[in-house]
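Dear colleague,

Please find the structure below, handed over for your study. My notes on what was found in it follow directly after.

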Amino acid sequence: MIRVLAVCLVAAAAIPAWAHHSFAAEFDPSKPVKLVGTVTKMEWINPHSWIHMDVKNADGTVTSWMIEGGSPNSLLRRGFTKNSLQAGTEIVVEGYQAKDGANRANGRDLTFPDGRKLFIGTNPDEKTPDK
Amino acid sequence: MMDRLRGTLTALAWLGAASMASAQGVATQGVTVVAKAAPKPAPDATSSATTPAATMRTPYGAPDLQGYWTSTTVTPLERPKELGEKAFFTPEEAAQFAKRQLATPEPTGPGTYADVHYNMAQFGLEKSQTKVAANIRTSLITDPPDGRIPPMTPEAVKRNAARAAANKGHEFDSAQNRSLSEQCILWPNEGPPMLPVGYNGNTQIVQGPGYVAILQEMIHDVRIIRTDGSPHLPANIRQWMGDSRGHWEGDTLVVDTTNFTDRTAFRGSSENLHVVERFRRVDADTVLYQFTVEDPSTWARSWSAEIPMTKVKGPIFEYACHEGNYGMANNLSGARAEERQKAQGAK
């Protein structure tokens with residue numbers, strides 16, 4: 001019974017203290033990936049968004065990947081809507097693959113093929129320091 | 001233009017004809033564009049921030065705490081030891097301190113655990129990208145005078161060590177061994193008392209006659225607080241967030257919370273945790289939130305903190321923790337993969 005009483009702070013010092021869960025337990029720093037493909041779906045789930053994408057392999061086959069991203073709340077507050085990232089959009093993801101070898105990765109950097117950031121900027125209204 | 005929007009909010013508050021929630025709805029339209037185009041508004045007497053708090057009332061006459069607020073702050077909960085009993089910065093020191101806190105983090109090295117995350121800046125999750133209430137305090141803790149949580153009692157040290165030891169080596173055995181936040185049960189900052197969180201630190205307050213409801217984005221629970229003088233639940237009923245009862249002392253909402261479970265363990269507390277919170281509308285843009293916690297089974301004395309909550313745009317995005325909790329399955333499957341690797345390495 002006592003085993004379930006795990007105290008919350010499991011994150012090691014190197015991990016952002018406010019991650020909802022341990023990324024270090026989920027993804028493998030020795031498995032960097034760079035994926036170029038098209039968005040098939042974006043899941044707007046607070047506090048982690050998940051982008052589904054299809055990556056075309058050299059042999060012509062297609063592999064589906066899931067990419068973990070940040071909280072949709074901050075995107076919503078910047079005017080990003082469910083229509084902002086349409087299926088079919090081409091994106092480039094750099095991150096690290098899941099430890100269990102599945103086709104999942106954290107979205108370390110998400111860009112369009114021309115290098116522009118997929119999500120960028122700050123809502124000036126939110127940033128305005130007050131008083 | 002910003003002033004006009006603020007004026008709209010003020011007018012609505014004065015009229016008392018609309019809730020702050022709908023006033024926020026007005027403010028959400030086009031603000032981004034406006035803020036870019038408008039020169040920085042000079043502080044003047046027309047700012048809604050100077051609206052006397054006493055005029056902000058619900059239609060039925062209670063002080064109006066309603067709206068969307070953030071407790072995001074650069075002020076640490078505990079004061080750095082080297083500052084001793086210096087409770088306040090000078091405005092210059094405060095500005096320098098805030099600048100350091102909001103600085104862009106050092107880039108992480110490729111192939112390191114620190115690099116295994118999404119880029120917080122891209123998702124607008126860094127504190128420098130969000131609204132932060134100014135504060136010249138050197139710590140959120142106002143009492144004891146050193147601004148630090150009192151030392152734990154020997155009993156509490158032992159109790160917490162036993163918990164940690166029991167889970168050691170079993171952290172990834174099952175979902176039940178993971179933290180309460182990973183299980184989507186309770187966020188460590190959720191409280192009561194409510195502490196600032198690194199991101200998504202948004203709170204919505206809604207009032208009705210005899211009730212105040214508080215929704216925190218992290219981690220989705222709505223605390224419904226009766227203010228009708230009703231007593232606490234019987235002592236044998238224990239809840240993750242305790243049992244909160246409120247009353248008004250002048251214009252201040254005072255909320256008393258007991259009946260916690262021993263598994264809530266707020267900073268190592270026991271089921272005897274007792275929290276008293278105070279909410280006061282200071283001006284149109286600010287609710288001052290203060291709390292005192294006591295638990296003789298955990299700390300030798302009580303301690304108190306003060307956190308200004310500043311107004312933000314609504315709505316709050318639903319926190320759908322369970323629906324999106326791929327992380328739990330991935331953490332456990334990652335641990336199984338590591339175990340297999342170790343087993344193969346041992347052969």
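N259(B) is buried, because 20 other C-beta atoms lie within 10 Å and a residue counts as buried at 20 or more. Please keep in mind that this is a predicted model. N259(B) lies in the loop between β7 (252-258) and β8 (274-283) of chain B. Its phi is near 65°, a positive value in a residue other than glycine.

R267(B) also lies in the loop between β7 and β8 of chain B. Phi of R267(B) is near 50°, again positive in a residue that is not glycine. Is R267(B) buried or exposed? With 21 other C-beta atoms within 10 Å, R267(B) is buried.

Two further loops of chain B contain cis peptide bonds. One such bond joins G191(B) and P192(B), with omega about 5°; P192(B) is found in the loop between α5 (154-167) and β3 (202-208) of chain B. The other runs from G314(B) to P315(B), with omega near -5°. P315(B) is placed in the loop between β10 (303-311) and α6 of chain B.

Helix α6 of chain B covers residues 326-346. What span should its 21 residues have, at 1.5 Å a residue? The expected value is 30 Å, and the end C-alpha atoms are 30 Å apart, so the two agree. The buried residues of α6(B) are G327(B), M328(B), N330(B), N331(B) and G334(B). In an α-helix there are 3.6 residues a turn, so residues three or four places apart point the same way. What covers the buried residues of α6(B) includes parts of chain A, namely α1 (23-26), β4 and β5 (104-106).

In chain A, strand β4 (residues 90-98) is joined by 8 bridges to strand β1 (residues 27-43), and these two run antiparallel. Within this pairing, P32(A) stands opposite Y96(A) in β4(A). Strand β4(A) is also joined by 3 bridges to strand β6 (residues 109-111) of chain A, again in antiparallel fashion. There, E94(A) stands opposite D109(A) in β6(A).

Finally, the largest nonpolar core has 68 residues. Which residues have the most contacts inside it? They are A105(A) and I219(B). Leaving aside neighbours within four places in sequence, A105(A) is in contact with residues including F27(A), V33(A), L35(A), W65(A) and I67(A). Other contacts of A105(A) include V93(A), G95(A) and Y96(A).

With kind regards

Note on methods. Residues are numbered from 1 along each chain as its sequence is written. Chains are lettered from A and ligands numbered from 1 in the order in which they are written. This is a predicted model: local features need pLDDT of at least 70, side-chain atom pairs count only at pLDDT 80 or more; totals for chains, interfaces and linings use all residues. A nonpolar core is a set of buried Ala, Val, Leu, Ile, Met, Phe, Trp, Tyr and Cys residues joined through C-beta atoms within 7 Å. A residue is buried if 20 or more other C-beta atoms lie within 10 Å of its own, exposed if 12 or fewer, and partly exposed in between; C-beta atoms are placed from the backbone. Two residues are in contact if their C-beta atoms, placed from the backbone, lie within 7 Å. Two strands pair if DSSP finds at least two bridges between them. Helices (H or I, at least four residues) and strands (E, at least two) are DSSP runs, numbered from the N terminus. The expected span of a helix is 1.5 Å times one less than its number of residues.
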